[in-house]
Amino acid sequence: MAGNDWINSYLEAILDVGPGIENPKSSLLLRERGRFSPTRYFVEEVITGFDETDLYRSWVKASATRSPQERNTRLENMCWRIWNLARQKKQHEGEEAQRLAKRRLEREKGRREATADMSEDLSEGEKGDVVSELSAHGESNRGRMRRISSVDVMETWASQQKEKKLYIVLISLHGLIRGENMELGRDSDTGGQVKYVVELARALGTMPGVYRVDLLTRQVSAPDVDWSYGEPTEMLTLRNFDSFTDDMGESSGAYIVRIPFGPRDKYVEKELLWPHIPEFVDGALSHIIQMSKVLGEQIGGGQPVWPTAIHGHYADAGDSAALLSGALNVPMLFTGHSLGRDKLEQLLKQGRMSKDEINSTYKIMRRIEGEEISLDASEIVITSTRQEIEEQWRLYDGFDPILERKLRARIKRSVSCYGRFMPRMVVIPPGMEFHHIIPHDGDIDGETEGNEDNQSSPDPPIWSEIMRFFTNPRKPMILALARPDPKKNITTLVKAFGECRPLRELANLTLIMGNRDSIDEMSGTNASVLLTIIKLIDKYDMYGQVAYPKHHKQSDVPDIYRLAAKTKGVFINPAFIEPFGLTLIEAAAYGLPMVATKNGGPVDIHRVLDNGLLVDPHDQQSIADALLKLVADKQLWAKCRQNGLKNIHLFSWPEHCKNYLSRIASCRTRHPQWKRNDDENENSESDSPGDSLRDIQDISLNLKLSLDGEKNEDSATLDSALDSEETFAHRKSKLENAVLTWSKGVLRETNKAGNIEKADQNTMVSKFPALRMRKHIFVIAVDSDTSTELLEYIQKVFKAAGMARASGSVGFILSTALTISEIQTLLLSGGLSATDFDAFICNSGSEIYYPSSSSEGLPSEFPFVVDSDYYLHIEYRWDGDWLRKTLVRWAASVVDKKGKNEEQIFTEDEQRSTSYCYAFNVKNTASVPPAKELRKLLRIQALRCHVIYCQNGTKLHAIPVLASRSQALRYLYVRWGVELSNMVVFVGEGGDTDYEGLIGGVHKTIIFKGVCSSALALLRSSKNYPLEDVVPLDSPNIVQTTEQCSSDDIQVSLGKLGVLKV
């Protein structure tokens, strides 16, 4: 409520009528049977919900009321409301203070433990460099901005990059995105981010060494938006790239690619897109694979050209990019634009909404988790300013500036970080095209210095649209360009202008606040701000001095800047917090000095451009003084203008892209790695569904081994083989030897235990089932409590498949938290063969096995072949040994204190643990902490993994951050071409805490009603947000059986999905 002067007038009015409130004849609305009933009033009138706008309207009514009795009643009602607002704000502030104190203690504890694990003492170098001031080569970047100093330097750099053929994927999901005539300001989702990602894609497409750029977004085919947003592909017109067109090919350039996902017939706000993220990921994955093959034919010598990097913009695209990066095993970049934790803190400070209300409105906890996932998976996080790093990213569990500094210094010295990883924070200011901008040196009469020919050019239409508001259009124009959003602080600007008489005499005020047809059609918040502005104009009688046009096109914005510069005006951005401030750079390019908020990105921009003044956005007088100073002092105005024009090239797109590409070049090259025979034909119709798909020349272990034995001492050899800094070829060679050593060790240990099993290691070529040749793949992912129940559902699915199973048109995958040896026991107990399935996803998605044809008909043998390429696919940011030590230490600290004696809840399960899955037994499922708390603990210590409660909470698994059961299905698509849309996933009503990932996507899902429903409570406690924020339960691809869940019910469900004819 701070800063709203009308609240003071409320209190003054209440004091003025103080005696009247005590009058027994007044305040009838607050009395019950002759007595004042505050409880009844509070329940009936106050709790119903309101905001400051509601209070303002009440005050207007009260001040206009002539009857003293009714006026007293209204004022007393408002007094209650103001008291309730203050009470709520104080309560929220207390809760926030407790939360911040708890978070501070957790962060300090995690930092101490992480530092203790890193045994070497810190050097002075580790203490001295501030976060992210080390370049990719270790030198300090402090105090300077790397730049292209001349055309010669740019040409030299371009010649060095010319031989590269990079494919870059950008993702920005929400809002309306197109290359031309962007509808910026149409709604809160179509703003500066939309313009940034389009211009970034366009600029990257012109850079030497970049062959193709795809900007992936949502396809919107709705009656309330333009048809162009429904076009699948739009080629961006590249500008100023004449020098680099020698190697342009058929598919080169920059494109907007629209992927259909979510509601098909309507445009929805970003908060409603979260449940549909998996559907986008599957569609984007299909596009990228197809494009990689096309580029492979054009420039890759027949080998797929995989993306060099995938870059997510905002939390929703970051979540998507993390999944795509994991599925394709390529580096990920992330740009937050605006951050959820920062927004949550700001909303809580306002005291108007509780945390639950904020989450319900903005899906804020889902957004924050998406940002945490992005930190887990990203190699580089690109920010616009240092303020974003130091004041916003530091709020996240996954990023600690102090710990990041220590890790970065250890990497610089080639010292082990003991399995800890932190994304690299890099400041790269957004770019802008300046070649077409000609700063105007004339005045409002159109007389241009040094060029009289410009007098004949007609004025742009937007000029007359603005100047019609002014009595004297010759005065300098103060220009603000922002949505009518409370955080943009436009109302404070209008008050500052209205109350400063000298400023009003010298200047006009122009407010460009998006587009509107009617105030009634605007969102409640935007309409409220606009109404307040109009009332302030009336209050200060500023008619003829303030312009607020209803419409403008994106193409009009340069002309608006030109008009303000022509009048020798000033551009102002008074936002409470501005993440960057792209409009400040645009204004400077047209010769406009600036007045800007001192909170956020404008500080960095002002440091580089030195073209204006910074102000406290809460200080109305400071805003007025700064504007008056620039408008009145012509020498200062000219100096600021000249400084801006002189330094503006530092924010050019070539500069931005050069820095951007150099950062990508510092990432470790990752992409899918495996061999495929040249003679295989992906579309061959001669191969029957029962034929083997292909020969695999790899290190496939055609082993007969049992993982029930103890892990042997040689397992460390495998961990050492996975050093992330080594080249792929060297790592793969070491991995082959390490896996063989490990397997021999397991066999040796099992021999000692009397469980002797033979391994056929003579055959290194394995025939894999024909996954790709199936018409449909049924994925059984039911997380049953017992093996008997799981067998029962497997048999029901087999029976429901009927003749399709017998003919081979349907294949089966078992996806489970069980180990491969437990799966073998399960199959034997149910009289099933390994060859009844095409693949086995086990250990919660950390391993994939296939049935081995060499052991067919020998049920006692170990009939599985491991997909060792999958290990290389998921090893990113996985250092199992140090993670295991942290988990063991954590498990020992979690005890049940309810009884007389403290009992340890978690114990390490060494028999079920593997090199990519650490397993723990849970002794008391009622006392387990939520999985989200364990994820938080690990993130604070810079340890990256997935933690999953499975088997109804009796087991805990920790697996690589890029591994999961849902990601394993995407891997099978990338590896074997198994179409995701041809998969049907069978799940229960609840399940393991990774259950949600199995439901969304382009595949079909059948939910067995009543199955695993006991796990729902555990599933919900593992997240900070409801299941509805993740799972699209209203999707036509999801059906539910009856509670009987018979094979006939399953057949009916399959018929509804159009999979099998009933």
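Which strands does helix H10 (residues 314-328) lie across, and at about what angle does helix H10 run to S7? In this predicted model, helix H10 lies across S3, S7 and strand S8 (332-335), and its direction is at about 160° to that of S7.

The strands beneath this question belong to an open sheet of eight strands, arranged in the order S5-S6-S4-S3-S7-S8-S9-S10 with mixed pairing. Strand S5 (233-235) and strand S10 (424-427) occupy the edges, and each has a single partner strand, so that one side of each is left without a neighbour in the sheet. From one strand to the next, the twist averages 20°. Within this order, strand S3 (residues 166-171) and strand S7 (residues 309-313) run parallel and are joined by four bridges; in the pairing of these strands, Ile 171 has Gly 312 of S7 as its bridge partner.

A helix pair was examined next. The axes of helix H32 (residues 880-893) and helix H33 (residues 931-940) come within 12 Å of one another and cross at roughly 130°, an angle that makes H32 oblique to H33, and the crossing of H32 and H33 is right-handed. On the side of H32, the contact is made by Leu 883, Thr 886, Leu 887 and Trp 890, whereas H33 contributes Leu 934, Leu 937 and Leu 938. Sorted by class, the residues in the contact of H32 with H33 comprise six nonpolar and one polar, with no charged residues.

Val 895 was considered individually. This residue is found in strand S24 (residues 895-896) and has a relative accessible area of 24%, a value at which Val 895 counts as partly exposed because the buried class is confined to values under 20% and the exposed class to values over 50%. When residues up to four places away in sequence are not counted, Val 895 touches Glu 902, Glu 903, Gln 904 and Ile 905. The C-alpha atoms of Val 895 and Ser 927, which are 32 residues apart along the chain, are separated by 8.6 Å.

For the protein chain as a whole, the model contains 36 helices and 32 strands, and 58% of the 1062 residues count as buried. Among contacts in the protein chain with a separation of 6 or more, 73% are accounted for by residues 24 or more positions apart.

How values were computed:
Residues are numbered from 1 along each chain as its sequence is written. This is a predicted model: local features need pLDDT of at least 70, side-chain atom pairs count only at pLDDT 80 or more; totals for chains, interfaces and linings use all residues. Side-chain values use heavy atoms; hydrogens and water are left out. Axes are lines fitted to C-alpha atoms, for helices over the stretch in contact, and angles run from 0 to 180 degrees between N-to-C directions. Helices (H or I, at least four residues) and strands (E, at least two) are DSSP runs, numbered from the N terminus. Angles under 35 degrees count as roughly parallel, over 145 as roughly antiparallel, 65 to 115 as roughly perpendicular and the rest as oblique. A crossing is left-handed if the near helix is turned anticlockwise from the far one by less than a right angle, and right-handed if clockwise. Contact means heavy atoms within 4.5 Å. Ala, Val, Leu, Ile, Met, Phe, Trp, Tyr, Cys and Pro count as nonpolar, Asp, Glu, Lys and Arg as charged, and the others, Gly among them, as polar. Two strands pair if DSSP finds at least two bridges between them. Buried means under 20% relative accessible area, exposed over 50%, partly exposed in between (1.4 Å probe, protein chains only).
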